[in-house]
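User: Please take a close look at the largest cavity in this structure. Which residues line the largest cavity, and which helix gives the most to its lining?

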Amino acid sequence: MRLLLLLTTLPALAQDNPRLEFAKGLLDQSRGKQEEALARFETARKADPTAAPLVHRAAARLLAEGELAKAVTLYRELAAATPERLDNQLAYSDFLRNEGRGDGLAEKLASEALEMALKRFPANPAILDRLFRSSQARGETERSKQLFERLVGQTPLNPAAMLMAERWSNVLFAANDAAASERLAKLFQESAAAFPAHSGLARAASDHFRKNNQMDVAIAILRQHAEAAPADLDLRTRLGILLFATNQDAAGEAALNEVIAIDPRRAIAHDALAKFYRQHNQAKPALEHADEVLRIRGGDPAAFLSLADEWLAADQPKTARILLEKAAYDHPANPEIAAKLAIATRRDPETRPRASRLFREAESLIPTGATPDPAFLSESADALLDEKRISAAEDRLRKAIRSFPPEAKKETAATLRKLAGLWESQNKNADAARSLRQRADTLDPK
């Protein structure tokens with residue numbers, strides 16, 4: 001209450017204190033008194049015409065009322081009153097360009113304001129960038145080149161200036177300009193050496209040399225960045241990949257394993273190692289890293305099924321099961337994943353009792369009229385035998401044998417022997433069982 005009394009009884013104080021008048025305007029605004037609030041904001045601005053937030057607010061109001069010229073005047077006066085404030089100079093030129101929307105006079109006034117600011121802030125990247133875009137829009141190539149020379153005049157360039165220099169160089173000079181390319185390369189090396197910890201600069205520099213087949217320089221830049229900024233795992237991963245690309249296998253493997261030791265969920269590092277181990281016929285670590293990739297970022301059903309088949313072939317049903325549980329979570333309605341999960345669950349001794357339920361759930365996902373996978377039929381027969389459902393198991397085995405394609409000789413033979421063993425255990429169909437074993441031996445001799 002004492003503050004409110006002060007606000008309402010000391011108008012002279014408010015005139016001398018624009019912040020207080022602004023506060024009263026906010027109070028009026030909160031009470032829905034929009035006209036009173038606008039009046040107080042304007043009083044505050046007139047008391048302190050160099051207060052940029054008040055100018056922005058007033059200009060926005062004038063624009064809403066269609067008073068563009070008056071809004072421009074506010075920004076021009078702000079810039080003229082505060083020549084030492086670069087942000088105000090940029091605000092004025094940006095306002096002209098944004099609101100002028102290609103108007104020649106507005107573009108000219110914006111450029112003049114920036115040229116004046118450049119005298120006070122020589123080689124400032126923010127000013128140069130705006131002037132460069134303006135000269136390019138007007139087709140003034142020579143002026144653009146002059147601005148480029150001013151930008152790169154003092155080396156080493158800071159990261160923002162270096163990244164700008166790369167963009168400008170790509171615009172101004174042809175791709176086959178050897179002199180321009182050599183100059184840009186030198187700028188990159190000097191800047192990267194001066195600011196080794198800057199991630200954006202290290203990435204751009206290494207990419208530049210990689211694209212120009214200077215892999216040794218690209219790797220050297222990433223190495224110095226890794227030393228200066230060891231927490232940047234993205235670029236340490238990129239370093240490992242580039243080392244692989246240049247056949248520095250031991251160094252690449254070490255670099256990527258260091259990344260994974262810090263962040264085990266770095267999928268790109270796992271993926272690179274998986275591909276590396278596959279190329280070198282190291283099946284186990286290749287599978288382990290490929291498995292991690294799918295666990296971390298998922299994948300399509302085919303990727304999960306392919307890797308699960310590899311784990312099952314390697315007699316690692318538990319690993320296959322855990323992977324397929326992730327696949328089933330990501331793709332709950334996929335019948336192939338559900339079927340493979342049931343198979344892996346039964347093969348894993350720890351989870352075998354749960355397999356029967358999973359086989360039934362997988363069957364419910366098979367589209368009407370579709371033929372179940374023969375491997376699924378064969379494995380589900382084992383689950384039925386666990387439940388003592390002999391007749392149903394026998395029927396599944398018969399269907400599986402008929403469903404295997406001709407090239408699946410080993411799988412067909414295994415199922416034939418399974419059915420023969422079932423009959424033999426029941427002391428029935430002895431001749432038929434013997435015939436099945438003979439057929440199995442023909443397909444897959446032991």
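Analyst: In this predicted model, two helices, α4 (34-47) and α5 (52-64), each supply at least two residues of the lining of the largest cavity. Of these, α5 gives the most, with four residues. The residues that line this cavity are Leu 38, Phe 41, Glu 42, Leu 54, Arg 57, Ala 58 and Arg 61. Sorted by class, the lining has four nonpolar and three charged residues, and no polar ones. Leu, Phe and Ala count as nonpolar, while Glu and Arg count as charged, so the nonpolar members of this lining are Leu 38, Phe 41, Leu 54 and Ala 58, and the charged members are Glu 42, Arg 57 and Arg 61. The space inside the largest cavity comes to about 50 Å³.

For context, the count of cavities of 30 Å³ or more is two. The second largest cavity has a volume of about 30 Å³. Phe 148, Ser 169, Phe 173, Ala 180, Arg 183, Leu 184 and Leu 187 make up its lining. Here helix α12 (residues 178-194) gives the most, again with four residues. By class, the lining of the second largest cavity divides into five nonpolar residues, one polar and one charged. Ser counts as polar and Arg as charged, so the polar residue of this lining is Ser 169 and the charged one is Arg 183.

Methods
Residues are numbered from 1 along each chain as its sequence is written. This is a predicted model: local features need pLDDT of at least 70, side-chain atom pairs count only at pLDDT 80 or more; totals for chains, interfaces and linings use all residues. Side-chain values use heavy atoms; hydrogens and water are left out. On a 1 Å grid over the protein atoms alone, a cavity is a set of points where a 1.4 Å probe fits but cannot get out, and a pocket is an open set with protein on both sides within 12 Å along at least five of seven lines; lining residues have an atom within 4 Å of a point. Grid points are joined across faces, edges and corners, and a volume is the space filled by probe spheres set on the points.
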